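Please walk through this model with the structure open beside the text, beginning where the chains meet and then turning to the fold and to a few individual residues.

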Amino acid sequence: MTHAEVRSDLGDYLEGDLPLARRALVDAHLDGCPACASRLTTLRATVDALHSLEDPVPPPGLAAAVLARIEAGEGRAGLLARVLASVPPNLRMRIAMPGLLLVSVAVVALWLRPDPQPPAPARTSLQEALGGSARVGASSPPDASIEERPASPVVPPGALDEALRDPASVLRATAALDEAGRDAWLAGLAQQAGSRERTLAVARALRALRDPRGPLLADAFLRLAGLDASP
Amino acid sequence: MGNEIVERRPLPRPRASDGGGVDPDRELVLRWRAGDEGAFADLVRRHERRVFRLLLRMLGSREEAEDAAQETFLNLHRHGHRFRGDALFSTFVYRVAANAALNRRRTLGRRHAREEGFARAQHEGTALTSAPPDPEHAAAQAERRSAVQVALLGLPPRLRLPLVLYDVEGLAYPDIARALDVPEGTVKSRIHRARERLRELLLDAGAIGAEDLRP
């Protein structure tokens with residue numbers, strides 16, 4: 001056996017854990033090797049030194065101090081630990097895994113979120129945005145941005161020409177709108193008219209419709225265009 | 001060297017793992033779990049000596065050991081529900097105490113702890129000695145114990161802990177493996193390495209050597 005092999009065996013040798021055949025080999029080496037024999041002796045002395053350490057007596061107040069601290073509430077587990085303690089160990093993972101998954105998804109979602117947008121202004125109703133029918137055509141309230149108005153009052157280009165050619169197109173365009181939306185749409189149409197003559201021409205065409213809504217639309221149109229309802 | 005007598009006998013240490021036998025703490029643990037705090041007080045009194053001894057050897061100071069022992073029992077009270085009864089309750093106590101020792105060293109900071117520990121160990125080694133019939137011999141013994149404690153503190157905690165559990169507390173490998181939650185083979189190799197390192201430290205300190213090699 002080499003010195004290194006013997007030295008790596010000395011721990012087991014000392015414990016009596018070596019198989020007999022191996023122990024015999026170590027013994028044979030120790031018989032002729034003072035260095036390894038001395039190592040065994042000092043290793044044994046090390047263990048003896050550990051055994052020679054005194055058995056200390058704990059401070060007399062140790063148990064009392066512990067019990068006083070428990071009495072004061074220090075020995076209680078946190079709420080989470082107590083709740084977990086009441087859950088059988090085999091169920092803890094089943095509960096923990098969906099929770100972990102949710103947390104992971106939330107973290108990823110937060111990470112992927114676009115740059116924060118400024119908070120949207122409080123949404124204003126269309127009636128408020130237009131300030132009622134009397135204010136249509138006037139400037140909108142400062143807090144009512146264009147985006148807040150429904151798309152319906154947006155009058156497409158060429159709507160006036162279409163109205164002159166086919167007045168029923170005004171009926172169709174405003175059919176789905178509420179009163180405020182309809183007024184907004186008509187106000188946009190009046191702006192497209194651009195002149196008193198074209199405005200009156202549209203009003204007349206609307207009145208001429210067989211639909212009973214025609215005259216009402218005509219009156220509203222004239223009013224919103226700033227003209228008297230009576231031609 | 002050929003004429004010198006080298007002790008060849010294995011160390012006389014009958015060790016038995018805790019597996020199989022009835023846990024002497026079983027009754028108290030059951031009563032405590034049923035809400036009897038008096039039973040927990042009995043468990044503290046029953047285990048305080050071994051907890052304090054382990055912590056003193058791990059930390060090198062009575063003061064630190066007392067604080068860590070209090071933490072151990074408070075943690076035991078807090079987390080006693082984790083004890084499943086598949087090992088002796090005393091093994092579970094060792095486990096909690098070992099954690100308290102390791103946490104305490106982390107809290108103190110390695111360097112600070114070591115420096116403090118060295119100074120305290122030297123002081124404790126002397127202070128622990130009771131009134132001797134032979135002052136000279138007793139002083140030598142105290143000095144040797146102090147050197148052993150200082151050398152112990154020179155070992156990294158992962159080696160010191162299994163060594164103390166084995167050579168001071170007298171636990172068997174399987175029980176240490178359970179207490180430290182590491183494989184038994186790891187426990188064994190760490191104990192051997194710890195003894196080797198301690199041997200070198202004690203030789204350097206002159207606590208073992210010429211006298212031990214004398215025939």
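**Where chain A meets chain B**

In this predicted model, the contact draws on 39 residues of chain A and 40 residues of chain B. On the chain A side, at least two residues apiece come from helix 1 (3–15), helix 2 (20–32), helix 3 (34–51) and helix 4 (62–71). Helix 3 of chain A makes the largest contribution to this side, with 14 residues. Sorted by class, the side of chain A that touches chain B consists of 22 nonpolar, 9 polar and 8 charged residues.

**The fold and core of chain B**

Chain B contains 10 helices and 0 strands, so that reading along its sequence gives the pattern α-α-α-α-α-α-α-α-α-α. Of the 215 residues in chain B, 40% are buried. Among the contacts in chain B with a separation of 6 or more, 68% are made by residues 24 or more positions apart.

In soluble globular proteins, nonpolar side chains tend to be buried together. Here the largest nonpolar core has 70 residues, and those with the most contacts inside it are Leu55(B), Ala97(B), Val148(B), Ala151(B), Ile176(B) and Leu202(B). Helix 2 of chain B, spanning residues 37–59, gives the most to this core, with 10 residues. Taking Ile176(B) as an example, and leaving aside neighbours within four places in sequence, this residue is in contact with Pro162(B), Leu165(B), Tyr166(B), Leu171(B) and Val187(B). Apart from the largest core lies another, of 22 residues, which includes Ala173(A), Ala193(A), Ala220(A) and Phe221(A).

**Two loop residues of chain B**

Gly154(B) sits in the loop between helix 6 (135–153) and helix 7 (157–168) of chain B. Gly154(B) counts as partly exposed because 18 C-beta neighbours lie inside 10 Å, whereas a buried residue would need 20 or more. Although Gly154(B) and Leu198(B) are 44 residues apart along the chain, their C-alpha atoms are separated by 8.1 Å.

The other residue to examine is Asp181(B), which is placed in the loop between helix 8 (173–180) and helix 9 (184–205) of chain B. Is Asp181(B) buried or exposed? Asp181(B) is exposed, because 9 other C-beta atoms lie within 10 Å, and a residue counts as exposed at 12 or fewer. Its backbone also deserves a look: most residues other than glycine have a negative phi. Asp181(B), which is not a glycine, nevertheless has a positive phi of about 60°.

Key. Residues numbered from 1 in each chain as written. Chains lettered and ligands numbered in written order. Predicted model: local features only at pLDDT ≥ 70, side-chain atom pairs only at ≥ 80, totals over all residues. Contact = placed C-beta atoms within 7 Å. Helix = DSSP H or I, 4+ residues; strand = E, 2+ residues; numbered from the N terminus. Nonpolar A, V, L, I, M, F, W, Y, C, P; charged D, E, K, R; others polar. Core = buried A, V, L, I, M, F, W, Y, C linked by C-beta atoms within 7 Å.
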